[in-house]
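Visitor: I'd like to learn how to read a structure like this one. Could you walk me through it, feature by feature?

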Amino acid sequence: ALRADLDSLMELLFETGEIERLAELVRRTKNEALERVSYYMAEPAAKALEKHHPDLAARLWHALGMQIVNARKSKLYDAALFHFERAMRCYQEAGRTTEWERTVHRVRSQHQRKTGFMPGFEKLVAGSGPTDKPSFLERARARWGKRYEEENL
């Protein structure tokens, strides 16, 4: 199994509940290789690692964000911001703020011209991430709730 490709090995370790071995695999894998891991495997692995290995989960969230931005998938920039926000929170929880600062520097230097992405990323860096915004349902309730109350007064 150790000679399998990274996706397959991650899937095997995740599905068999070998979280510590999964953590060791992520620990010894370079960031560039993590950026090539399938979204369908990287996201569940990141979620599984968040509790006990937030530094490794951060690397996977970072890789997922970079995967989208590097591929210029502008329709998925909101998802990339969500991934970067999770990475930031995991890096902070693990006490690895320098890794987050390196991520910020890398994104700024490599993707500064992506006008559909960078304003949201800069808001995230400033402290206002995508999860801080009210959801569509919350906005609709606020809007329609006021209108409903006004009509029934």
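Visitor: Let's start with the lining of the largest pocket: how do its residues divide into nonpolar, polar and charged?

Guide: The general idea is that rolling a probe the size of a water molecule over the atoms shows where empty space is left. In this predicted model, the lining of the largest pocket has six charged residues, three polar ones and one nonpolar. The volume of that pocket comes to about 210 Å³.

Visitor: Which residues line the largest pocket?

Guide: Look for N31, D55, R59, H62, Y91, R96, E99, R102, T103 and R106. Two elements, α5 and α7, each give two or more residues to that lining. The top contributor is α7, with four residues.

Visitor: With charged residues in that list, how do I read a salt bridge?

Guide: Side chains of opposite charge can pair when their charged atoms come close. Here, take R96 and E99: their closest N and O atoms are 3.9 Å apart, and the pair counts as a salt bridge because the cut-off is 4 Å. Shared partners then link D55, R96 and E99 into one network of salt bridges. As for accessibility, R96 is partly exposed at 36%, and E99 is partly exposed too, at 21%.

Visitor: R106 was also in the lining. Which residue does R106 meet in a salt bridge?

Guide: R106 pairs with E35, at 2.8 Å from N to O. R106 sits in helix α7 (residues 97-111), while E35 belongs to the loop between α3 and α4, so this salt bridge ties together parts 71 residues apart in sequence.

Visitor: And is E35 buried or exposed?

Guide: E35 is buried: its relative accessibility is 11%, and the cut-off for buried is under 20%.

Visitor: Why are E24 and R27 placed about one helical turn from each other?

Guide: Because they are three residues apart in helix α2 (residues 19-28), about one helical turn separates them. Their side chains meet in a salt bridge of 3.0 Å, N to O. Both partners are partly exposed, E24 at 37% relative accessibility and R27 at 41%.

Visitor: How many salt bridges does the structure hold?

Guide: Eight.

Visitor: What about contacts that aren't salt bridges? What joins the side chains of H111 and N70?

Guide: A polar contact of 3.0 Å joins H111 and N70 through their side chains. H111 is part of helix α7. With a relative accessibility of 4%, H111 counts as buried.

Visitor: Stepping back, how many helices and strands are there in the chain?

Guide: Nine helices and zero strands. Reading along the sequence, you simply go α-α-α-α-α-α-α-α-α. Along the principal axes, the C-alpha atoms fill a box of roughly 70 × 35 × 30 Å. Of the 153 residues in the chain, 37% are buried.

Visitor: Last one: where should I be careful with the coordinates?

Guide: Where pLDDT is low, the predicted coordinates should not be read in detail. This chain averages a pLDDT of 89, and 92% of its residues score at least 70.

Visitor: Which elements have the lowest and the highest mean pLDDT?

Guide: Helix α9 (residues 136-151) has the lowest, with a mean of 70. Helix α5 (residues 54-70) has the highest, at 96. As we saw, α5 is also one of the elements giving two or more residues to the lining of the largest pocket.

Key. Residues are numbered from 1 along each chain as its sequence is written. This is a predicted model: local features need pLDDT of at least 70, side-chain atom pairs count only at pLDDT 80 or more; totals for chains, interfaces and linings use all residues. Side-chain values use heavy atoms; hydrogens and water are left out. pLDDT is the predictor's confidence in each residue, from 0 to 100. Buried means under 20% relative accessible area, exposed over 50%, partly exposed in between (1.4 Å probe, protein chains only). On a 1 Å grid over the protein atoms alone, a cavity is a set of points where a 1.4 Å probe fits but cannot get out, and a pocket is an open set with protein on both sides within 12 Å along at least five of seven lines; lining residues have an atom within 4 Å of a point. Grid points are joined across faces, edges and corners, and a volume is the space filled by probe spheres set on the points. Ala, Val, Leu, Ile, Met, Phe, Trp, Tyr, Cys and Pro count as nonpolar, Asp, Glu, Lys and Arg as charged, and the others, Gly among them, as polar. A polar contact is a pair of N or O atoms within 3.5 Å; within protein, one must be able to donate a hydrogen and the other to accept it, and residues adjacent in sequence count only if both atoms are side-chain atoms.
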